[in-house]
Amino acid sequence: MLNPRYPVYIPSKGRSEKCLTAKWLSKEGVAFRLVVEPQEAAAYAGEFGAERILILPFRDRGSVIPARNWIKEHSKFEGYERHWQLDDNICSCYRLWGGKRIKCNAGIALRVAEDFSDRYENVAIAGMAYDMFIIGHRDRLPPFYVNVHVYSCCLILNSIPHVWRGKYNEDTDLCLQVLADGWCTVLINAFSVKKKMTMTMAGGNTTELYKGDGRLRMARSLERLWPGVVKTRRRFGRPQHVV
């Protein structure tokens, strides 16, 4: 069985009993580390084992961004060239072949993405597409897109100087940072991940980020960071950033 050569991190909060990604990778035999806040370490260890837990040196920062930057530094300290960051609401992955989605092992999918990325010197971020965007486009999709957004299942090059910042849209902002500096991103369609949609699972920082007019604040914050590149519009019945 193939397994990823780079470490897999899952930042998680408030989901010790329903951390879908950890359950999925456990079942698939893929090694991972759950990155959690100190007050929740015991609960996560009880579900997934203390050997899989990394405890953050802080708590209640209001978003996952401080944890993401801590993870990158942890990976660099351990001497890795790249590392994976997976959201905690992923439950499976698929291989696209002959217009069909075929369920496949997580370790194989992650390793293929690593092998592809390591062929090049300028791929800053790579990852797998969302399964929901593969459905309905199977016959027309190329195996990958270059220089687009990569979300939720990300392979990060540790040597890039860019960090996650702000409070919202950290994944979009990081992709824009690396693209603006001449790096490439790769979104792989040949393999995709199935995840729960944003705001459909309790836990995480959902309450802090999205309560009230959180969707509008989220879109506007990215527009302020990237004037002339990002606009706020109404799409899918809600405020949405458009790059």
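1. The note opens with a residue pairing: Leu86 stands opposite Cys153 in strand E9. The model under review is predicted. The contact belongs to an antiparallel arrangement in which strand E4, residues 82-86, is joined to E9 by five bridges. A second partner of E9 is strand E7, residues 123-130, and here the pairing is again in the antiparallel sense, over three bridges. Within that second pairing, Gly127 stands opposite Cys154 in E9.

2. Strand E9 itself comprises residues 153-157 and is mostly covered, five of its five residues being buried. In a regular strand, side chains alternate between the two faces of the sheet. In E9, Cys153, Leu155 and Leu157 point one way, whereas Cys154 and Ile156 point the other way. Both sets are buried.

3. The aromatic contacts deserve separate mention. Four aromatic pairs are found in a search of the whole structure. In one of them, the ring centres of Tyr130 and Phe133 are 5.8 Å apart and the planes lie at 15°, so this pair is stacked. Tyr130 is also paired with Tyr151: their ring centres are 6.4 Å apart and their planes are at 55°, so the pair is tilted. This contact links distant parts of the chain, since Tyr130 belongs to strand E7 while Tyr151 lies in the loop between strand E8 (144-146) and E9, 21 residues apart. Both residues are buried: Tyr130 has a relative accessible area of 13%, and Tyr151 has one of 18%. Elsewhere, Phe116, Tyr120 and Phe144 form one aromatic cluster.

4. Two arginine side chains are placed over aromatic rings. Arg61 lies over the face of Phe58, at 4.3 Å from the ring centre. In the other case, the charged end of Arg101 sits over the ring of Tyr94, with 5.0 Å to its centre.

5. Which residue forms a salt bridge with Arg33? The partner is Glu78, and the closest N and O atoms are 2.8 Å apart. The pair links distant parts of the chain: Arg33 is in strand E2 (residues 33-36), and Glu78 is in the loop between helix H3 (65-77) and E4, 45 residues apart. Glu78 counts as partly exposed, at 36% relative accessibility.

6. Helix H3 also takes part in a salt bridge. Asp87 and Arg68 form this contact, their closest N and O atoms being 2.9 Å apart. Asp87 lies in the loop between E4 and strand E5 (90-97) and Arg68 in helix H3, so the pair ties together parts that are 19 residues apart in sequence. Are the two partners buried or exposed? Asp87 counts as buried at 17% relative accessibility, and Arg68 is likewise buried, with a relative accessible area of 10%.

7. A further salt bridge is formed by Asp173 and Arg165, with the closest N and O atoms 2.7 Å apart. The accessibility of each partner can be stated. Asp173 is buried, at a relative accessible area of 0%, whereas Arg165 counts as partly exposed at 31% relative accessibility.

8. The salt bridges come to a count of 16. Some of the charged residues are linked in a network of salt bridges made up of Arg5, Arg82, Arg111, Glu114, Asp115 and Asp118.

9. At the surface, Met1, Leu2, Ile108 and Val112 make a nonpolar patch of about 370 Å². Of these residues, Leu2 is found in the segment before strand E1 (8-11). Leu2 counts as partly exposed, at 41% relative accessibility.

10. A final point concerns Asn122, which lies in the loop between helix H4 (106-117) and E7. Asn122 is partly exposed, with a relative accessible area of 35%. How far is the C-alpha atom of Asn122 separated from that of Ala109, which is 13 residues apart from Asn122 along the chain? The separation between these two C-alpha atoms is 21 Å.

Definitions and conventions: Residues are numbered from 1 along each chain as its sequence is written. This is a predicted model: local features need pLDDT of at least 70, side-chain atom pairs count only at pLDDT 80 or more; totals for chains, interfaces and linings use all residues. Side-chain values use heavy atoms; hydrogens and water are left out. Buried means under 20% relative accessible area, exposed over 50%, partly exposed in between (1.4 Å probe, protein chains only). Helices (H or I, at least four residues) and strands (E, at least two) are DSSP runs, numbered from the N terminus. Two strands pair if DSSP finds at least two bridges between them. Rings of Phe, Tyr and Trp (its six-membered ring) pair if their centres lie within 6.5 Å; planes under 30 degrees apart count as stacked, over 60 as edge-to-face and the rest as tilted. A charge sits over a ring if NZ of Lys or CZ of Arg is within 6 Å of the ring centre and within 35 degrees of the ring normal. Patches are made of residues with over 30% relative accessible area and no salt bridge: like charges are joined within 9 Å, nonpolar side chains (Val, Leu, Ile, Met, Phe, Trp, Tyr) within 5 Å. Accessible areas come from the Shrake-Rupley method with a 1.4 Å probe; for residues, only the protein chains shown count as cover. A salt bridge is a side-chain nitrogen of Lys or Arg within 4 Å of a carboxyl oxygen of Asp or Glu.
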